[in-house]
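User: Could you show me how to read the core and the pockets of a structure?

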Amino acid sequence: MPLYTLWRTGTPGEITFAALHCTLGDVLIAACSLVVALLFLGSPEWPRRRFVPVAAAAVAIGLGYTAYSEAVNLARRSWAYSELMPTLPWLGTGLSPVAQWLLIPTASLAWACRRRRAGRRRPET
């Protein structure tokens, strides 16, 4: 939150609402990105088959939408970055939302893939 001006200008209620709203929005973006990736690149055997293409597409879709959403909301002045937010000069959007969309879904999908592989190696009892 300190990377946004709301941290300094908002009331505790506004900050709490923004945190919840944005978190739920990110979950929705992630879910929709995965569904779209599955529709176009998935297979009936997913995640056993085509895991990597679906995961890569889901991350790319989420990242693309996030960059677009950041640009639109900055232009509409729905929110603003504080001086602490590093920005990407070619996009004009913050590094934090872009990094978040590269790291969290990638780590989550890698963890899910690892769990899936570990589950396959378990002996039957």
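Analyst: We will go through the core and then the pockets. This is a predicted model, in which local features need pLDDT of at least 70, side-chain atom pairs count only at pLDDT 80 or more, and totals for chains, interfaces and linings use all residues. Residues are numbered from 1 along each chain as its sequence is written, and side-chain values use heavy atoms, with hydrogens and water left out.

User: Which residues form the largest nonpolar core?

Analyst: A nonpolar core is a set of buried Ala, Val, Leu, Ile, Met, Phe, Trp, Tyr and Cys residues joined through side-chain atoms within 4.5 Å; buried means under 20% relative accessible area with a 1.4 Å probe, protein chains only. Here the five are F51, A55, V59, L109 and C113.

User: And how is empty space found?

Analyst: Rolling a probe the size of a water molecule over the atoms reveals where empty space remains. On a 1 Å grid over the protein atoms alone, a pocket is an open set of points where a 1.4 Å probe fits, with protein on both sides within 12 Å along at least five of seven lines; lining residues have an atom within 4 Å of a point. The largest pocket holds about 770 Å³ of space, and of its 27 lining residues, Y4, A18, C22, E70 and W79 are the closest to its centre.

User: What is the volume of the second largest pocket?

Analyst: About 290 Å³. Of the 15 residues lining the second largest pocket, A30, W101, I104, P105 and S108 are the closest to its centre.

Technical notes: Buried < 20%, exposed > 50% of the residue type's maximum accessible area, 1.4 Å probe, protein only. Points joined across faces, edges and corners; volume = space filled by probe spheres on them.
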